[in-house]
Amino acid sequence: MAGGMEARKNKYIEDWGTARENLEMNFRWTRRNFALVGIFGIAIPYVVYKGIVREFHMQDEDNGRPYRKFIM
């Protein structure tokens, strides 16, 4: 590039980027983190799965077919 065209560094953006790159070294398990993993990693996917299976079973029942087998 042309000379003298360096970009200015924003201190706050650089600090955020550094923290983001080193997240696995600074992460700590807390009760809040356990709760978030439990809710978004286990509970919500389980509820969505059960809703989908229930819908398929209702369709099978309406059409007189035996229930389809799923993972759980």
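# Salt bridges, rings and a long helix: how the labels are earned

Visitor: Why is the contact between aspartate 60 and arginine 68 called a salt bridge?

Guide: Their side chains meet at 3.0 Å, N to O. The cut-off is within 4 Å, for a nitrogen of Lys or Arg and a carboxyl oxygen of Asp or Glu. The pair therefore counts as a salt bridge. Keep in mind that this is a predicted model. In general, side chains of opposite charge can pair when their charged atoms come close.

Visitor: What makes aspartate 60 buried or exposed?

Guide: Its relative accessible area is 0%. Buried means under 20%. Aspartate 60 is therefore buried. Aspartate 60 belongs to helix 3.

Visitor: How do you know that arginine 68 is partly exposed?

Guide: The value for arginine 68 is 34%. Partly exposed lies between the limits of 20% and 50%, so arginine 68 fits that label.

Visitor: What makes Asp60, Arg65 and Arg68 one network?

Guide: Salt bridges that share partners join the three residues. Arginine 65 also meets aspartate 60 in a salt bridge, at 3.2 Å from N to O. That distance is within 4 Å, so the label holds here too. Arginine 65 is partly exposed, at 41% relative accessibility.

Visitor: How many salt bridges does the whole structure have?

Guide: The search finds three. One of them joins aspartate 15 and lysine 11, with the closest N and O atoms 3.0 Å apart. These two residues are four apart in helix 1, which means about one helical turn lies between them. An α-helix has 3.6 residues a turn, so residues three or four places apart point the same way.

Visitor: Why do aspartate 15 and lysine 11 get different exposure labels?

Guide: Lysine 11 is at 55%. Exposed means over 50%, so lysine 11 passes. Aspartate 15 is at 41%, which falls between the two limits, so aspartate 15 is partly exposed.

Visitor: Why is the pair of phenylalanine 27 and tryptophan 29 called edge-to-face?

Guide: First, some background: a pair of aromatic rings is described by the distance of the centres and the angle of the planes. The structure has two aromatic pairs. For phenylalanine 27 and tryptophan 29, the centres are 5.2 Å apart and the planes are at 85°. Rings pair within 6.5 Å, and planes over 60 degrees apart count as edge-to-face. The pair therefore earns its name.

Visitor: What makes the pair of tryptophan 29 and phenylalanine 34 stacked?

Guide: Their ring centres are 4.8 Å apart and their planes lie at 20°. Stacked means planes under 30 degrees apart, so the label fits. Ring pairs link Phe27, Trp29 and Phe34 into a cluster. Tryptophan 29 and phenylalanine 34 are exposed, while phenylalanine 27, at 40%, is partly exposed.

Visitor: How do you know that helix 3 is close to its expected span?

Guide: Helix 3 covers residues 31-62, which gives 32 residues. The span from first C-alpha to last is 44 Å, against 46 Å expected at 1.5 Å a residue. The helix also bends by about 30° at isoleucine 39. Aspartate 60 lies 21 residues from isoleucine 39 in sequence and 30 Å from it in space, C-alpha to C-alpha.

Visitor: Which residues of helix 3 are buried?

Guide: They are Asn33, Tyr49, Val53, His57 and Asp60. Just after the helix, glycine 64 takes a positive phi of about 70°.

Visitor: What makes valine 48 fit into a nonpolar surface patch?

Guide: Valine 48 has a relative accessible area of 46%. A patch residue needs over 30%, so valine 48 passes. Valine 48 sits in helix 3. The patch holds Leu36, Ile39, Phe40, Ile44, Val48 and Ile52, with about 530 Å² of accessible area together.

Visitor: Why is glutamate 6 called exposed?

Guide: Glutamate 6 has 68% relative accessibility. The cut-off is over 50%, so glutamate 6 is exposed. Glutamate 6 is in the segment before helix 1. Methionine 25 is 19 residues from glutamate 6 in sequence and 31 Å away in space, C-alpha to C-alpha.

Methods. Residues numbered from 1 in each chain as written. Predicted model: local features only at pLDDT ≥ 70, side-chain atom pairs only at ≥ 80, totals over all residues. Heavy atoms only, no water. Expected span 1.5 Å × (residues − 1). Bend = angle between axes of the 7 residues up to and from the residue. Buried < 20%, exposed > 50% of the residue type's maximum accessible area, 1.4 Å probe, protein only. Patch = residues over 30% accessible without salt bridge, like charges linked within 9 Å, V, L, I, M, F, W, Y side chains within 5 Å. Areas by Shrake-Rupley, 256 points an atom, 1.4 Å probe, with all protein chains shown as cover. Phe/Tyr/Trp six-rings, centres within 6.5 Å; stacked < 30°, edge-to-face > 60°.
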